[in-house]
Protein chains: 2
Amino acid sequence: MRDVAIIGVGATAFGELWEKSFRSLGIEAGMKAIEDANLSGDEIDALYIGNMSAGRFINQQHVDALVADYSGMATNNVPATRVESGGASGGVAFREGVLAVASGLHDMVLVGGAEKMTDLDDPAIGSIMDSTADAEYEAGLGVTLASNYAMIARRMIHEGIATREEIASVAVNSHFHGELNPGAQFRRAVPLETVLRSGPVATPLGMFDCAPISDGAAAVILCPLEDAKEHVDRYVKVAAVAQASDTLALFQRDSITEFRATQAAARRAYEAAGVTAADIDVAEIHDDFSVAGVMALQDLGMYAKGKAGAAFLNGETHFDAGKTAVNTSGGLKARGYPIGAAGVAQIVELAEQLRGTADKRQVKDAKHGLAQSVGGNGSAVTVSILEAI
Amino acid sequence: MRDVAIIGVGATAFGELWEKSFRSLGIEAGMKAIEDANLSGDEIDALYIGNMSAGRFINQQHVDALVADYSGMATNNVPATRVESGGASGGVAFREGVLAVASGLHDMVLVGGAEKMTDLDDPAIGSIMDSTADAEYEAGLGVTLASNYAMIARRMIHEGIATREEIASVAVNSHFHGELNPGAQFRRAVPLETVLRSGPVATPLGMFDCAPISDGAAAVILCPLEDAKEHVDRYVKVAAVAQASDTLALFQRDSITEFRATQAAARRAYEAAGVTAADIDVAEIHDDFSVAGVMALQDLGMYAKGKAGAAFLNGETHFDAGKTAVNTSGGLKARGYPIGAAGVAQIVELAEQLRGTADKRQVKDAKHGLAQSVGGNGSAVTVSILEAI
């Protein structure tokens, strides 16, 4: 397979964007990425779109065709494919796009992720999000993603894997970085006390342990690595795209304090990229709930089980701490969580870091970046590794 | 890229299967394909699932993880990806699966398609199907897939491209073959008069011009062509998988009596496979509405514009007529139309034909098969070409 490069990235600001439609968000992100890559739209060979549920959020299935159409690419009858894997939809779309270029089938691929969530009321939104858990054995019986993560948090506290304060620190870290990202939904730091005292969602998790409801879109442009310098001066190599599944329902697992899918995807990604966890300078992890952040760093092998929480609490995860910087974009918690866009937005942030365009939150001399995107309660995970050129 | 073979196929019967759940349908089709390929489930490297809208039909997003889980493949953390492209979801899933093997990334891939539609009432089902048209400029204003196809039919009749009788003959052809397929939803022939006199849906199209609401699943197993004979005696080569997009809304097109996406995908597929329309012995085309069948044969280059209708009316499309046999499975109209399953079921039928296991509807000496899968009103089309070995 051919090596693949990212030659352009773009994202909308994330937030409650009442004034913007799904299609306008998608076009905004896509055009930014195309301009960033010094291309025109008619140079794109294929589109992959990560989207969780436009069918329910805005009553629009078939958004692959919508995006191809409104970006002008239907004129060339460009193949456009929507992929979905719950919260990992963006990560999976990125992997399919990389595969399309690596295989030799396509030479210039746009991978987009988009979600327009705020047109519905909160109970409807919650119902859609919970439908990424098992509809028959979890969601249909009242189990929510939040209540499952609350059980995980309780178990981790009970087993001494993390304290409540350490779990809450994941959100503090994301907000710390969100303040430095002009495109973030929440651009302000919050103290630990604020997270601990936030209103209960599913005890012990409170409002500030949970990523927000967001609108937004992100896009990246992929081409063969050997062609990258024809288009841009600064680009990034895709060193690995790995993906793994686990049981859909949480109760079917031997352990709920680790995600086997993250472990498997990480193992495959490190092997493909020829690196270890110690080589990762900057990581974007799927902190849809704070406790998931603690699990992520452990399952990715960056910290031993029981040690990741302290890293967040001590600020070792900050962009300027000299260790692996975590969620410099603000993560899902502070940058925002438009579901299908999230996994692609992680790639956008890593590309900015690795080419040195991350401005106030720039990680010094970042060489390797890792993105982890999670569907359901860990039932699907992608791990992608990018490398500075 | 590597050549790819189909070494196993399986499908459930299609119909109103009140007693079967989405997950049981998916497992049934998958296990049949795995057994047909003489494999065990733990030999599968990756899953691709074509599904249009389980999120709305059964309140279950993330069916990639569901299928991986209930087929036992989550035990090995197998990557599982759901793809959607409206009615072309199955065709697009097949293409992604082929790409995964052709690229060298995976050596044994299961492509499944499934839809469980009948748990809802008819207006809800109609609303979901119409959400594959443009939600803002078509569906939201009352335009339906059926009304768009009715406009197309009126235009074709007005321009003399096809008569009402010729259009209706597409359904007659599908029912003729459905009688010969034990897995079809409607296993009986219908005379032309029955189609012409069926209750109006969107004039001139009546009930018998429209594919039914169905439950069902289908699956195929893919591996590198050079490995195929290690597993099975009879297998089929994938000669091409092509895909193209067009505008989402019908009103944006220069012509509504042809689908540019079908034309583009067909052109790419013939070129990749090194064949022409005249080489195709058996074709499965997307007759969700009868008029689409007439368009398909014309846009695929099998008949000149204005000539395809007569082919259906004269029975040239029958399995035993010595021309290109069309919809020997019964097509979407008589075999049934569980949306995400349809494109994969077409591949199942072609594989049966090309390896000579199509029983009463066997096309003699079939060498090349073609499948056309359509999303929306022609806004996404896949064309796949298979070759007998």
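A residue is taken as buried if 20 or more other C-beta atoms lie within 10 Å of its own, as exposed if 12 or fewer do, and as partly exposed in between. In the predicted model described here, this scale is applied to two residues with unusual backbone angles. A:Asn59, which lies in the loop between α2 (54-57) and α3 (63-70) of chain A, has 17 other C-beta atoms within 10 Å and is therefore partly exposed. Although A:Asn59 is not a glycine, its phi is positive, at about 60 degrees. In chain B, the loop between α2 and α3 holds B:His62, a residue other than glycine whose phi is likewise positive, near 65 degrees. B:His62 counts as buried, because 29 C-beta neighbours are found inside 10 Å.

Cis peptide bonds were also examined in the two chains. In chain A, the bond that leads from A:Thr203 to A:Pro204 is cis, with omega near 10 degrees, and A:Pro204 belongs to the loop between β5 (200-202) and β6 (205-206) of that chain. In chain B, the bond from B:Thr203 to B:Pro204 is cis with omega near 15 degrees, and B:Pro204 is placed in the loop that separates β5 (200-202) from β6 (205-206) of chain B.

Within chain A, the assignment distinguishes domain 1, made up of 4-121 + 214-235, from domain 2, made up of 142-211 + 237-388. The C-alpha centres of these two domains of chain A are 23 Å apart, and the contact between them draws on 39 residues from domain 1 and 35 residues from domain 2. On the side of domain 1 of chain A that touches domain 2, at least two residues are supplied by each of β1 (4-11), α4 (89-102), β4 (109-116) and β7 (215-224). The element that gives the most to this side is α4(A), with 8 residues. By class, the residues on this side of domain 1 of chain A comprise 22 nonpolar, 13 polar and 4 charged.

The contact between the chains involves 51 residues from chain A and 51 residues from chain B. Several elements of chain B each provide at least two residues of the side that touches chain A, namely α2 (54-57), α3 (63-70), β3 (80-84), α4 (89-102), β8 (236-245) and α9 (260-273). This side of chain B consists of 23 nonpolar, 20 polar and 8 charged residues. Strand pairing also links the chains: strand β3 (residues 80-84) of chain A is joined to β3(B) by 3 bridges, and the two strands run antiparallel. In this pairing, A:Arg82 has B:Glu84 of β3(B) as its bridge partner.

The relation between the copies was examined by superposition. A turn of 180 degrees, with a shift of 0.0 Å along the axis, lays chain B on chain A with an RMSD of 0.0 Å. The two copies are therefore related as by a two-fold rotation axis. The same surface serves both copies, in that 100% of the contact residues of chain B recur in chain A.

Note on methods:
Residues are numbered from 1 along each chain as its sequence is written. Chains are lettered from A and ligands numbered from 1 in the order in which they are written. This is a predicted model: local features need pLDDT of at least 70, side-chain atom pairs count only at pLDDT 80 or more; totals for chains, interfaces and linings use all residues. Two residues are in contact if their C-beta atoms, placed from the backbone, lie within 7 Å. Helices (H or I, at least four residues) and strands (E, at least two) are DSSP runs, numbered from the N terminus. Ala, Val, Leu, Ile, Met, Phe, Trp, Tyr, Cys and Pro count as nonpolar, Asp, Glu, Lys and Arg as charged, and the others, Gly among them, as polar. Two strands pair if DSSP finds at least two bridges between them. Domain bounds come from an automatic or database domain assignment. Copies are superposed by least squares on the C-alpha atoms of residues with pLDDT of at least 70 in both.
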